[in-house]
Every structure is written in structure tokens, then in C-alpha cells.
Amino acid sequence: MREQLEAIQAEALERISQTEDMKELQDIKVTYLGKKGSLTGVLRGMGKLSKEERPVVGEIANKVRESITAALDEKNEKLEQLQLEEQLEAETIDVTLPGRPVKVGGAHLLSSIVQELEDLFIGMGYEVREGPEVETDFYNFEALNLPKNHPARDMQDTFYITNELLLRTHTSPVQARTMQEYKGEKPVKMICPGKVYRRDTDDATHSHQFTQIEGLYVDKNVRMSDLKGTLDTFAKKMFGEDREIRLRPSFFPFTEPSVEMDISCKVCNGEGCSVCKGTGWIEILGGGMVHPKVLEMGGYDPEVYSGFAFGMGPERIAMLKYGVNDIRQFYTNDIRFLKQYHKA
Ligand code: PHE
């Protein structure tokens, strides 16, 4: 039996040393040490041995098993190492290859400008509100002191959906909606950015759809000087500390008095050039003191409350700030145009 065991050992060790294959190594293990393996077979026959022989053969058998197991482990480790090396060799990364550039998107210029304006007014205590683009005749016109057949309705060529429904021509209906919601009970200090629509033929300065930002501040003792200070702060923050503003009398049915605001032209520093059409000033927004009738319709007592409102076009602001000369650039989404304004 001893010879038998030694023969098994020699054979197994020989086969282990010969193989270079993991799978074959596994087979060898099964062949010798498995349940039906040859060493197991021999051990099973130990029952037939005498009492004296049994421990002796048992010891040899254990040694044989140990040596085979050790050889198997050693070989297994070696093959694993080899496999790893092969894999590393095959998969080396050439770090000298130039990388593929990752295309990173960015905010649309218009979104950035609206964001910047929102931040600016939030910093002055305004809340940001929204209103519907499909609006009723009531909020778009009547609640803003523009009754049916009022000639000033012609100032804003309107897309009507039905007699009573339309695409809002400005963000001013959100003034009326907000005052109504606040029920004349608390001050209003809000801005509202959003899309507006007008029956205009598209060209370099007109678009049938564009953006506005409305502002409304209603409280006790709000004065014209508050409007002027607010707009001056806005102009300087947006266009630079060296900009001057100028208010000109104007007309809107929902403000009285009404103004249009100009900022000083930076291209010519007020001398007069083609950008400012020789005047030294560039028109930038409309505003005024909220008309008493509008306050009243909104539920605010004009004897107690007063307020100012303004409306501006972010496209126009972006055009002035960045020298964009065609409003259609905002909507045609030419990536070469948009990319220039992506913040890093
Ligand atoms: N809604 C006006 C427009 O679209 C702008 C405006 C807003 C004027 C608020 C006065 C007050 O032309």
C-alpha cells in the first residue's frame, strides 16, 4: 500500500509540474483528491489493514495528500500570476494617445441673462413668480386699465385664440394676478420672467415670441424715486458702474406717470454713434407708477398703497451687453453662436 501511495504521489506531482493550464490543474485535483479520486480510493481500503499498519499508512497517506495539495496550490498561484501578467500586457493603456474631447453643454445665453436678472432682483428682495402664456383678455388687458376697444390695445398686436383667450402680449398680466392673489393685504415685491407673443414679422429686432421680465413693487409710500433708484441699481449692476440712466415721459395705460428708460451708450460714451442712433442713449425698458385704477382692480386701496412697475426684454439686454445684432440668434440655436456665451 505504501508503494501504491508513493506511486500516486509521484504521478500527481509529475502531472502538476507538467501542466500550464488552470482547467487541467483542476482536473488533476479531482483525479487524485476528489471523492472518487485515487488517493481517496486507497484511503478507503485502509479498513482492511491491521491495527499496527493503519497509523503508519495513515501518516504516509496524510503526507501524500499534503504534498499534492501544496503542489496544487503553488501551481495555481503561479498560473494565476501568469494569467494576470498576460492580461496586463494585453490591456496596457497608451497614455500618450490624445484624449477624445468631451462635449460639454451650457446654459443658453437667454437663460443665463434671465438667471442673472433674477439673482439681481432677488438680491433686492423680490420674489420670482410665473403666469400662464395662454392668458385671458381680462388679465392681459382689462385688469391693466385697457378696456375693450381701447385704442392702446393696438400698441400690442395680439394673437387671439378665441374672443376671450389669447397669447399674452406682455408679462404685465402677472401684476394683476399677483395683486389679486395677495388680496390687498400685504405688500407685493415680485418679478416675473416669461415668454410673450406678438403679431410681428420677424426681423433683426422683432420676433413673434420673445422674453420679458416684469417687476412690481406695491407698498405704502412707494415713490417715483424708488423706481429710479431701483432701475439705476439694475443698470449699473448689469452694464457697469459707469452707466448713466435717463427717464423719459411715456405712456402705458397701466402706469401713471409712465416712463421709458435709456442707458448711456458705451460704444461712443454719449458722443452719438450708429448703435445709439446719434443720441448717446439707448432705450432699455418701460415702467412707471402703478395706475390707481390698476391698484384698485387688484384689491389695493390707492389711497393707502402706491407702487411702481417695469417691464424689460432680456433679449434686448443681452444684445446690448454682448453686441448681438440680430434677435433671431436667440432662437435659431446655432451652436457656434451659443458656445461663445457658455460659462466655463
Ligand atoms: N408691459 C409693457 C410692455 O410690454 C412694459 C411695462 C411694464 C410698462 C410695466 C410699464 C410697466 O411694453
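What is the volume of the second largest pocket? The answer comes with the last views below, after a look at the ligand and its surroundings in this predicted model.

**View 1. Side chains reach the ligand through polar atoms of His170, Arg198 and Gln212**. Start with histidine 170, where a polar side-chain atom lies 3.0 Å from a nitrogen atom of the ligand. Arginine 198 brings a polar side-chain atom to 2.9 Å from an oxygen atom of the ligand. For glutamine 212, an N or O atom of the side chain is 2.8 Å from a ligand oxygen atom. On its own the ligand would expose 330 Å², and the protein buries 92% of that.

**View 2. A shell of 15 residues surrounds the ligand**. His170, Ser172, Arg198, Gln212 and Glu214 are the closest of them. Sorted by class, the shell holds nine polar, four nonpolar and two charged residues.

**View 3. The ligand sits in the largest pocket**. Three strands give two or more residues each to the shell around the ligand: S5 (209-219), S8 (281-290) and S9 (306-312). If you are tracing the shell strand by strand, S9 is a good place to look, as its three residues are the largest share.

**View 4. The largest pocket has a volume of about 1,500 Å³**. It is lined by 48 residues, and those closest to the pocket centre are Thr205, Glu283, Ile284, Leu285 and Arg316. At least two lining residues come from each of S5, strand S7 (255-264), S8, S9 and helix H10 (314-322). Which element gives the most to this lining? That is S8, with eight residues. The lining of the largest pocket divides into 19 nonpolar, 18 polar and 11 charged residues.

**View 5. The second largest pocket has a volume of about 170 Å³**. Here is the answer to the opening question. To find this pocket on your screen, pick out its lining residues: Leu110, Ser111, Val114, Pro193, Gly194, Lys195, Gln209, Thr211 and Tyr331.

**View 6. Helix H5 and strands S4 and S5 contribute to the second largest pocket**. Helix H5 (109-122), strand S4 (188-197) and S5 each give two or more residues to the lining of this pocket. By class, the lining of the second largest pocket has four nonpolar residues, four polar residues and one charged residue. Strand S5 may look familiar by now: it also supplies at least two residues to the lining of the largest pocket, and two or more to the shell around the ligand.

How values were computed: Residues are numbered from 1 along each chain as its sequence is written. This is a predicted model: local features need pLDDT of at least 70, side-chain atom pairs count only at pLDDT 80 or more; totals for chains, interfaces and linings use all residues. Side-chain values use heavy atoms; hydrogens and water are left out. A residue is near a molecule or strand if one of its heavy atoms lies within 4 Å of it. A polar contact is a pair of N or O atoms within 3.5 Å; within protein, one must be able to donate a hydrogen and the other to accept it, and residues adjacent in sequence count only if both atoms are side-chain atoms. Accessible areas come from the Shrake-Rupley method with a 1.4 Å probe; for residues, only the protein chains shown count as cover. On a 1 Å grid over the protein atoms alone, a cavity is a set of points where a 1.4 Å probe fits but cannot get out, and a pocket is an open set with protein on both sides within 12 Å along at least five of seven lines; lining residues have an atom within 4 Å of a point. A molecule sits in a cavity or pocket if more than half of its atoms lie within 2 Å of its grid points. Helices (H or I, at least four residues) and strands (E, at least two) are DSSP runs, numbered from the N terminus. Ala, Val, Leu, Ile, Met, Phe, Trp, Tyr, Cys and Pro count as nonpolar, Asp, Glu, Lys and Arg as charged, and the others, Gly among them, as polar. Grid points are joined across faces, edges and corners, and a volume is the space filled by probe spheres set on the points.
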